[in-house]
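Reader: I'm new to looking at protein models, and I'd like a close look at one part of this one. Could you pick a spot inside and walk me through what surrounds it?

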Amino acid sequence: MNSDFLRISPKIACLPVIHGSGDYAIEVRRRMLAAAFDCLAVPLPPSFQEDVERAVELLPSISAVLQDESRVYSDDNSSSDEESAEEDSPSCSYVPIDPCQGVIAGLRIALQEQIPRAFVDRETARFEPQTAVLPDPYALKRVSLEKFSAAVLPAIAPPRRPQHRQRCVTMASRLRELETRHSSILFICSLMDWPWIRDAYRDRRAIEDDEDFVEPTRIVSVQSSTLAFFLGELPFVTAEYERARANLDDDENLSIDGVKSLVLAARDRYRLDLKSMARSVTPKLLSVYFQYVRNLSLVERRMTPDLYSLVVAAQQVFGDQFALHVAETAREYLDTGLAPFGRMQMGVNQARLPDGEVVAMKNRLPGHSVVWRRCELRPRPLRPEQLKWRMQWNPHSQCSWPPEDVAIERFRTHVKDTALALLGNDLARTEKFSASLKDGLDLRETLRNWHTGELYVKIFPPVRGNLDCVIMLFDAPADPRDYPWRITWHAESHDESTLSFFATDFMKETVGPGIAMATYGGAMFLFPPRPIRDIWRDRRFDFTDTLEERLIAAGCFYSREKHVALLSAAPPGPGIRRLARKYRRKLVHIPMSRFSQATIQQLRMFHVLNGRQVRSFAAHFIRRA
């Protein structure tokens with residue numbers, strides 16, 4: 001397509017952008033460095049020029065240029081109460097000094113290249129932002145800016161509000177004035193405005209009314225924790241653009257690569273924070289996660305994911321804690337150390353100014369229509385809260401949380417059934433087919449004797465005996481310093497096992513009032529339940545050297561059956577098997593690789609309640625990693 005498609009006149013080249021897009025910021029940079037312009041025109045009022053250019057020079061420090069809006073009192077009885085209340089409330093219009101804003105990127109290059117700048121928008125006492133649902137700017141990676149703009153053109157509605165029409169006429173008039181002084185002008189404007197500015201330029205419409213009297217502008221810094229409400233891109237992705245710019249790295253595909261870097265950074269912090277309690281974030285699971293993110297983005301008719309899609313996919317694939325780390329990592333920006341102005345806390349269309357006043361905020365460079373959605377996550381409690389709950393803990397009262405008891409007992413039953421199946425496989429035999437297929441055709445033996453024409457079948461005789469002891473070694477060899485809590489719990493009901501285990505210190509991880517969390521290192525289950533002495537204080541097992549040996553020795557001692565099921569990552573060594581033979585028991589090893597690692601990781605984490613009364617509200621505080 002001919003590049004003249006976007007020209008307003010032979011001297012004016014128009015560059016329509018979607019505000020708040022890193023892809024468009026790169027396109028602006030490419031166009032400005034590929035051609036020679038002697039003037040840059042931007043869709044901002046002249047009253048903003050001095051402070052905006054001053055703030056742009058302070059990048060990558062993020063700031064905003066504010067302009068207080070005059071309160072308008074309408075005598076029109078047709079106006080609604082809500083509109084009147086909105087007009088009477090304090091408000092500010094602002095220009096976000098965002099590196100991923102196409103207008104800011106253009107001003108940044110113009111200042112560096114010493115290109116004259118012109119702010120051509122109309123002065124408005126109360127600004128009326130224009131937002132719309134726009135296509136994903138990532139399409140610029142495959143199509144030209146001209147084709148992209150032409151494709152959107154049929155969906156761009158003409159100005160409906162008088163202020164919007166007046167602004168388009170004013171910008172067109174000022175562009176005609178600039179033509180008298182400059183021969184090559186680049187005009188950066190909103191994708192929603194450029195057709196109507198071009199029409200007003202060609203129709204030579206005159207400015208209808210005098211411009212409003214406006215308040216002076218001022219610069220404020222933006223608190224880093226609230227940048228997610230301020231920037232067009234995610235703060236982490238914006239920081240990636242700035243790092244690439246500082247290091248002269250390739251940033252053409254950062255709208256996608258930045259998201260990948262975000263997830264990998266969140267994974268590293270997740271592992272560092274939760275350590276052994278963290279789920280295994282494998283490359284296979286990450287591929288499932290990114291496929292889930294892609295599908296959510298396609299459902300939203302986007303090519304690139306938003307924060308909501310990233311967090312929801314993380315919650316579904318890896319759990320609340322990983323989703324929290326993704327959300328917290330996404331809002332992190334560069335620590336520039338520069339804050340020469342008062343700090344503003346940004347929110348959803350409002351902000352708390354440095355003087356404490358809360359005002360409504362109107363973006364002078366609005367991008368996509370923003371939809372805020374709710375995603376319920378349970379964050380980790382703050383350190384002061386944990387210390388308070390720890391001080392209130394009653395050391396003489398503790399119990400388990402029933403949903404976790406049910407989960408671990410079901411898993412114990414599954415491990416026991418797996419061990420019994422392994423015992424049955426050892427007793428299997430093969431015989432010639434006579435009148436019944438028995439337990440199925442033995443293909444291997446049949447093929448071996450194919451020349452005889454005989455069929456062979458398998459027979460699995462019933463397993464004699466049962467299993468009443470299951471031992472699970474989640475961490476072997478276990479460091480005793482990591483698992484200082486060792487105890488034997490007796491069953492509360494006939495459906496529960498007698499449980500002996502070693503685990504982490506639950507008092508180091510309080511998650512609610514009277515609620516703490518620990519992690520199993522190893523556990524022994526006796527079912528049906530029976531009263532036994534605490535194996536960790538029983539002198540009969542003092543001959544053992546490790547936590548695992550003491551657990552296995554106690555299991556073999558208290559088991560009433562010949563076989564004991566042992567779940568562990570590696571098969572038991574000769575020393576462990578000799579220990580079992582001492583008590584005339586045989587260990588049936590079940591590899592931990594037979595089961596989902598995510599499931600085992602979830603089962604390892606359990607909660608300790610400070611009394612049964614805590615069970616009534618424990619679900620509100622208990623979260624899954």
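**A close look around F230**

Author: Let's start with who F230 touches: leaving out residues up to four places away in sequence, the list is I62, S63, A64, Y94, P96, I97, V222, M344 and M346. Keep in mind that this is a predicted model.

Where does F230 sit along the chain? It's in a loop, the one that runs between β8 (217–222) and α8 (235–247). And don't let the word "loop" fool you about whether it's out in the open. F230 has a relative accessible area of 4%, and buried means under 20%, so F230 counts as buried.

Here's a nice example of how the fold brings things together. F230 and V348 are 118 residues apart in sequence, yet in space their C-alpha atoms are 8.8 Å apart.

Now zoom out a little. F230 belongs to the largest nonpolar core, a set of 80 residues, and together with F187 and M344 it touches the most other members. You've already met M344, as it's among the residues that F230 touches. As for which element gives this core its largest share, that's helix α6 (residues 162–179), with six residues. There's also a second core, separate from that one, with 43 residues, including L254, L262, A323 and L609.

L609 gives us a handy link to another buried spot, S400, since L609 is one of the residues in contact with S400. The others, again leaving aside neighbours within four places in sequence, are D405, W489, E492, H607 and R615. S400 itself lies in the little stretch 399–400, strand β12. Its relative accessibility is 8%, so it counts as buried. Its side chain also makes a polar contact with the side chain of D405, at 2.5 Å.

What about empty space inside? Rolling a probe the size of a water molecule over the atoms shows where empty space is left. In this structure there are three cavities of 30 Å³ or more. The largest has a volume of about 160 Å³. It's lined by 19 residues, and the closest to its centre are H19, Q130, S190, D193 and P366. Sorted by type, the lining has 10 nonpolar residues, six polar ones and three charged ones.

So, back to where we began: F230 is a buried loop residue, and it's one of the three that touch the most other members of the largest nonpolar core.

Technical notes:
Residues are numbered from 1 along each chain as its sequence is written. This is a predicted model: local features need pLDDT of at least 70, side-chain atom pairs count only at pLDDT 80 or more; totals for chains, interfaces and linings use all residues. Side-chain values use heavy atoms; hydrogens and water are left out. Helices (H or I, at least four residues) and strands (E, at least two) are DSSP runs, numbered from the N terminus. Buried means under 20% relative accessible area, exposed over 50%, partly exposed in between (1.4 Å probe, protein chains only). A polar contact is a pair of N or O atoms within 3.5 Å; within protein, one must be able to donate a hydrogen and the other to accept it, and residues adjacent in sequence count only if both atoms are side-chain atoms. Contact means heavy atoms within 4.5 Å. A nonpolar core is a set of buried Ala, Val, Leu, Ile, Met, Phe, Trp, Tyr and Cys residues joined through side-chain atoms within 4.5 Å. On a 1 Å grid over the protein atoms alone, a cavity is a set of points where a 1.4 Å probe fits but cannot get out, and a pocket is an open set with protein on both sides within 12 Å along at least five of seven lines; lining residues have an atom within 4 Å of a point. Grid points are joined across faces, edges and corners, and a volume is the space filled by probe spheres set on the points. Ala, Val, Leu, Ile, Met, Phe, Trp, Tyr, Cys and Pro count as nonpolar, Asp, Glu, Lys and Arg as charged, and the others, Gly among them, as polar.
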